[in-house]
Amino acid sequence: ENNHKKYDFDFDFDLQEAIAQLNFLQSNEETIRDSLISRRDAKKFTLKYLERSGLPLETVEKLNYIHVAGTKGKGSTCALTESLLRHQGLKTGFYSSPHILATNERIRINGQPLDKAKFTEHFWKVYNRLWELREHDHDMPAYFKFITILGFHVFVEEKVDVAVLEVGIGGESDCTNIVRNVGTVGITSLALEHTDLLGSTLAEIAWQKAGIIKPGSHVFTHVTQPECLEVIRQRAKDNGIDTIFQVPPTEEYFKSETTRAQPYEDLSAVIKLNGSLAVQLAMDYLAQAKGRQHTANEVRMDQQLLDGLVHAHWPGRCQKVEWRGMRLFFDGAHTLESIEVCAEWFYKNVKDSPNPKILIFNRKGQSDIRPLLKVLHNTCPFDMACFSPNLSAAKPIYASQVFLSVSEERQLGRSQAIANDWDDLCRNQNTPSNSQAFAHMVDAFVAIRQKFPLTETSGDLDVLVTGSFHLVGAAIAALDAIDQSQRNNEP
């Protein structure tokens with residue numbers, strides 16, 4: 001599990017200036033609605049701007065890639081895979097989204113967010129070239145396309161041995177899906193999501209996710225739904241691939257002498273769910289690129305692999321942080337299945353704690369939120385339930401916390417609607433709602449402390465922040481802002 005002190009963000013003016021410029025490439029709500037139709041052209045435009053930025057696709061494809069798609073667990077699977085490969089002595093690149101606090105988290109070298117000076121240097125080099133060569137005023141790549149192109153520049157410049165790519169949305173039409181030489185492909189669990197973009201059935205979603213399969217790819221998955229597996233198999237066949245590999249349960253790897261000191265029961269939920277897929281992806285890459293002895297789906301665990309799994313760091317997922325008398329539990333879970341895992345993890349950690357329990361929740365999108373709220377409501381009695389947009393404060397604290405895709409007014413309306421759903425649920429189950437909607441996270445933390453003051457003898461709290469990675473980022477930025485404001489007020 002991710003147990004460590006508060007996530008400190010070092011303010012860097014040059015980086016903030018670059019990110020402020022990058023934010024101009026974000027799409028607003030109207031543009032996003034208009035772009036749903038042209039989404040299938042995303043790869044074409046990514047390639048156009050990649051080449052224009054001075055980086056030919058052929059150069060990008062001199063590197064090795066592992067590509068991972070899925071509804072839940074794709075980021076965690078990538079993080080575990082990257083850690084496994086790094087612990088084998090390889091220089092790794094890792095491209096992921098979204099970021100928690102700072103945009104440079106999306107591009108990692110050897111498990112660390114890209115150095116801020118390097119991010120700034122690469123940003124301006126790519127941005128200025130694209131700006132100079134544009135053919136009309138709006139001829140610039142959108143936000144995600146730009147960062148994807150930036151990531152490829154960094155990986156080529158850093159000469160990584162292997163880059164692990166996490167799909168943004170879907171797979172078939174995703175910007176990351178421009179590389180054709182992907183030897184190892186992972187598809188994590190599937191569920192209904194982004195139905196306006198990906199389709200309204202599991203089979204349609206599976207078709208999109210399996211779009212990252214290339215001729216010659218070895219395909220690994222822990223998808224279980226028969227209708228999804230059928231689609232994935234067919235897409236593999238269309239690429240000349242006869243077999244896809246359904247990975248064994250992670251528990252199978254923890255039955256040998258090697259793992260005696262690390263019982264399966266003590267592993268984090270992230271490893272239990274995604275460990276097997278990550279091991280197969282890492283070992284398959286090592287077999288293909290480095291000649292390592294490994295048969296697909298072979299159950300193997302040695303000390304090096306074990307270290308790679310247990311030392312993987314993935315902020316914002318099953319992460320515990322101590323802050324001023326609060327035990328904060330951060331988890332960006334946003335699907336029903338991942339909320340169930342998050343709720344179980346939280347309950348396991350607080351079931352014997354006498355502290356008041358606080359829920360802070362938000363979720364983007366228009367899908368029905370009530371099943372997720374029901375899971376959280378049934379986890380434990382919350383003494384206070386806070387609903388806030390993914391906003392740290394009245395004004396963004398960091399440029400990388402600015403998201404233009406949904407207006408502030410719509411965000412506020414959404415969190416109030418979620419609070420109303422929570423109240424309805426509590427009324428129906430005859431439990432106190434204790435709910436409150438806030439304009440931003442600083443307000444939420446201030447209200448929590450007003451209700452449960454911290455004294456020498458009381459005030460310790462267990463606080464679960466979940467529903468969105470952006471909410472986790474806003475919460476951490478809010479804690480930083482409160483710290484800063486208290487430092488400024490010190491005599």
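# Cysteines, cores and loops

Cys380 is buried, at a relative accessible area of 10%. The model is a predicted one.

**Cysteines.** How far is the sulfur of Cys380 from the closest cysteine sulfur? The distance is 11 Å, and the partner is Cys342. That is too far for a bond. Cys78 is buried as well, with a relative accessible area of 0%. Its closest cysteine sulfur belongs to Cys175, 16 Å away, so no bond is possible there either. A disulfide is a covalent bond between two cysteine sulfur atoms. The cut-off for that pair of sulfurs is 2.5 Å. The structure holds 0 disulfides.

**Nonpolar cores.** In soluble globular proteins, nonpolar side chains tend to be buried together. Here the largest nonpolar core has 60 residues. Leu85, Phe361, Trp422 and Leu464 have the most contacts inside it. Helix H11, spanning residues 269-290, gives the most to this core: 11 residues. Another core lies apart from it and has 57 residues. Ile109, Tyr127, Ile149 and Val185 are among its members.

Which residues does Leu85 touch, leaving aside its neighbours within four places in sequence? The contacts are Ile66, Leu90, Thr92, Val162, Val164, Ala282, Tyr285 and Leu286.

**Helix H3.** This helix covers residues 42-52. Its buried residues are Ala42, Thr46, Tyr49, Leu50 and Arg52. They sit on the same side of H3, because they cover an arc of only 165° around the axis. What covers them includes helix H4 (57-60), helix H6 (116-132) and helix H7 (143-158). Gly54 follows H3, and its phi is positive.

**A buried asparagine in a loop.** Asn177 belongs to the loop between strand S6 (162-166) and strand S7 (182-187). Is Asn177 buried or exposed? Its relative accessible area is 3%, so it is buried. The side chain of Asn177 has polar atoms placed against two backbone oxygens. The oxygen of Gly171 lies 3.1 Å from one such atom. For the backbone oxygen of Glu172, the distance to a polar atom of that side chain is 3.2 Å. Setting aside neighbours within four places in sequence, Asn177 is in contact with Lys43, His67, Gly171, Glu172, Gly211, Ile212 and Lys214. Lys43 falls within the span of H3, residues 42-52.

**Backbone geometry.** Where is the cis peptide bond with omega near -5°? It runs from Ser97 to Pro98. Pro98 is placed in the loop between strand S3 (92-95) and strand S4 (107-109).

Positive phi values appear at these residues:

| Residue | Phi | Place |
|---|---|---|
| Gly54 | near 95° | after H3 |
| Asn110 | near 50° | loop between S4 and strand S5 (112-113) |
| Asn430 | about 60° | loop between helix H15 (408-428) and strand S14 (435-437) |

Asn110 has its positive phi without being a glycine. Asn430 is not a glycine either. How exposed are these two asparagines? Asn110 is partly exposed, with a relative accessible area of 31%. Asn430 counts as exposed, at 72% relative accessibility. Asn177, by comparison, is buried at 3%.

Terms used
Residues numbered from 1 in each chain as written. Predicted model: local features only at pLDDT ≥ 70, side-chain atom pairs only at ≥ 80, totals over all residues. Heavy atoms only, no water. Buried < 20%, exposed > 50% of the residue type's maximum accessible area, 1.4 Å probe, protein only. Helix = DSSP H or I, 4+ residues; strand = E, 2+ residues; numbered from the N terminus. Arc of directions from axis to C-beta. Contact = heavy atoms within 4.5 Å. Polar contact = N/O pair within 3.5 Å; in protein donor to acceptor, adjacent residues only side chain to side chain. Core = buried A, V, L, I, M, F, W, Y, C linked by side-chain atoms within 4.5 Å.
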